[in-house]
Amino acid sequence: MSDTAYHLFLPCAAGVEDWLEAEVRDILGPDECLDGPKAFRGGVGLYGTLAAVMRLNLHSRLAQRVLIEVAREEYRHEDDIYAIARTVDWTRWITPRQTLRVDTTAQRSPLHSLNFATLRVKDAVCDVLREASGERPSVDTRWPDLPLQLHLTEYLATVYVDSSGESLFKRGWREDKGDAPLKETLAAAMLAAAGWKGTREAGGALSDPCCGSGTIPVEAATIACNIAPGIQRRFAFEKLAPFQPLLPAWRAMKEQARAAEHPPEVPIFASDVSFRMVDFARRNAERAGVAQYIQFNGGDALERPAPKLPADMPGTLMLNPPYGERIEVRGKAGAHRMDGGALSEERDAGDDFFPRLSAHWKRAYTQHEAGWTAWLLCPEMKLPSKMRLKESRRIPMWNGPIECRLFKFDLVAGSARRQNAGTTDSDE
């Protein structure tokens, strides 16, 4: 089975598909990428071996999971779901002494009960194993050995083995969290969209003045140090039968990844108005192994001076600023860190944050010779007019269920609106 090519699907946040396709190409190269990758709505599909599955789990920063397709057929009724799942020889994946869990997602499915469809997949797996050995596996909804996903469209049912187990945004280092933490996969997507790669040529220095629990600067530091995002965690595939002969290769793959780590070429800065959150961010960075490469400070984003950089090194501001009603606003504009939520039109103090932030940027960030570029994720579509800045790009990106835009502002001396008057929004 190790040489068999499977159809793989890597789901991702909406708007991230093209960057994930490019990432998969970089991770696998032409030898392991047998066909594809190709971006679809909601993810990327390709054909690859089990070795490719291991490499994608270890190195993908943008995918939510790595799913292995094991069955795909048309269906009309719940009994069809059972028959489709029974076509798989589950004895080649687990033993009766192991456990499973089935999760179901659907788009326009005609079935009345998704829970019953889930049950039919579980029954099929158990029946196959019981007929082969006289025993059946148990269900473990928290830490299953075999996590399965059933995806239903209007006509097609697809059964996947989830090789990742826990979602890939769980890197293994974030234990201290804010009230609404940004997922690591979305932070990586923001950096990918900005073209920031942790070098002088690709983004230069990075600063997050609203760092919260540190998701953006820590993720950036692991990129700059070439630390594999999955190096600290375990994956579901490590317990599955087809991967057992590949475990020596898996250990070698991780050793190779560790040998490729290096100190960053550029400095990374992180600050927050809440000293408690700065402490959280520092502890998360320590667990990720990058604390020595991030300069942490407390302080309001509206007052914090621009970091001192070499004249020829550009700088990138990357932030997911305060928006939403679930966080108590604080700071000079009554604004506090938030990693997700919906913009409150009732918060005058919070609304005042953005024009004051842009005014601070014009004072503090427009004198550097190599220049600063700001990237800001926000659900407010009229944010540039609030900030009295003209964006040079706006990229659709979803923060969970919240439709956002990643706005790019080129910070230049004088009136940024006047100097960028000729720019257009080509991606909307």
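# Exercises on a predicted model

A hairpin joins strand 7 to strand 8 through three residues. The model is predicted, and the exercises below start from this hairpin.

## Exercise 1: Strand 8 and its neighbours

Find the strands that pair with strand 8, and state in which sense and over how many bridges they do so.

Solution.

Step 1. Begin with the hairpin partner. Strand 7 pairs with strand 8 in the antiparallel sense, over five bridges. In this pairing Gln149 has Tyr160 of strand 8 as its bridge partner.

Step 2. Turn to strand 4. Strand 4 and strand 8 are also antiparallel, and seven bridges connect them. Here Glu73 has Ala157 of strand 8 as its bridge partner.

Step 3. Check the surroundings. Six of the seven residues of strand 8 are buried, so the strand is largely enclosed by the rest of the structure.

## Exercise 2: The whole sheet

Which strands stand at the edges of the open sheet of eight strands?

Solution.

Step 1. Write down the order of the strands, which is 2-3-1-4-8-7-5-6, with mixed pairing.

Step 2. Read off the ends. Strand 2 (35–40) and strand 6 are at the edges, and each has a single partner strand, so one side of each has no neighbour in the sheet.

Step 3. Look at the pairing of strand 6. Strand 5 (residues 99–106) pairs with strand 6 in the parallel sense over two bridges. Thr99 stands opposite Ser138 in strand 6.

Step 4. Add the helices that lie across strands. Helix 3 lies across strand 4, strand 7 and strand 8, at about 130 degrees to strand 4. Helix 4 lies across strand 5, strand 6 and strand 7, at about 145 degrees to strand 5.

## Exercise 3: Three salt bridges

For the pairs Asp79 with Arg120, Asp145 with Lys239, and Glu184 with Arg174, give the N to O distance, the location and the accessibility of each partner.

Solution.

Step 1. Note the general principle: side chains of opposite charge can pair when their charged atoms come close. The cut-off used here is 4 Å between a side-chain nitrogen of Lys or Arg and a carboxyl oxygen of Asp or Glu. By this rule there are 21 salt bridges.

Step 2. Take Asp79 and Arg120, whose side chains form a salt bridge at 3.6 Å, N to O. Asp79 belongs to helix 3 (residues 78–86) and Arg120 to helix 4 (residues 114–133), so the bridge ties together parts 41 residues apart in sequence. Asp79 is exposed, at 52% relative accessible area, whereas Arg120 is buried, at 16%. Shared partners extend the pair, and salt bridges join Asp79, Arg120, Lys122 and Asp123 into one network.

Step 3. Take Asp145 and Lys239, where the closest N and O atoms are 3.6 Å apart. Asp145 is in the loop between strand 6 (138–139) and strand 7 (146–152), and Lys239 is in the loop between helix 6 (215–224) and helix 7 (247–259), so this bridge ties together parts 94 residues apart in sequence. Asp145 is buried, with a relative accessible area of 10%, and Lys239 is partly exposed, at 45%.

Step 4. Take Glu184 and Arg174, which meet in a salt bridge at 3.4 Å, N to O. Glu184 is in helix 5 (residues 184–194), while Arg174 is in the loop between strand 8 (156–162) and helix 5, 10 residues apart. Glu184 is buried at 2% relative accessibility, and Arg174 is buried at 13%.

## Exercise 4: A buried charge and a buried helix

What is the nearest side chain of opposite charge to Glu23, and how far away is it? Then list the buried residues of helix 2 and the elements they pack against.

Solution.

Step 1. Place Glu23, which lies in helix 1. Glu23 is buried yet has no salt bridge, and the nearest side chain of opposite charge is Arg61, 5.5 Å away.

Step 2. List contacts. Leaving out residues up to four places away in sequence, Glu23 touches His59, Ser60, Arg61, Leu62 and Ala63.

Step 3. Move to helix 2 (residues 50–59). Eight of its 10 residues are buried, so helix 2 is largely enclosed by the rest of the structure. The buried residues are Leu50, Ala52, Val53, Met54, Arg55, Leu56, Asn57 and Leu58.

Step 4. Name the packing partners. The buried residues of helix 2 pack against strand 1 (6–11), helix 1 (17–32), strand 3 (43–48), strand 4 (67–74) and helix 7.

Methods:
Residues numbered from 1 in each chain as written. Predicted model: local features only at pLDDT ≥ 70, side-chain atom pairs only at ≥ 80, totals over all residues. Heavy atoms only, no water. Helix = DSSP H or I, 4+ residues; strand = E, 2+ residues; numbered from the N terminus. Buried < 20%, exposed > 50% of the residue type's maximum accessible area, 1.4 Å probe, protein only. Contact = heavy atoms within 4.5 Å. Lys, Arg positive; Asp, Glu negative; His and termini not counted. Pairing = 2+ DSSP bridges. Axes fitted to C-alpha atoms, helices over the stretch in contact; angles between N-to-C directions.
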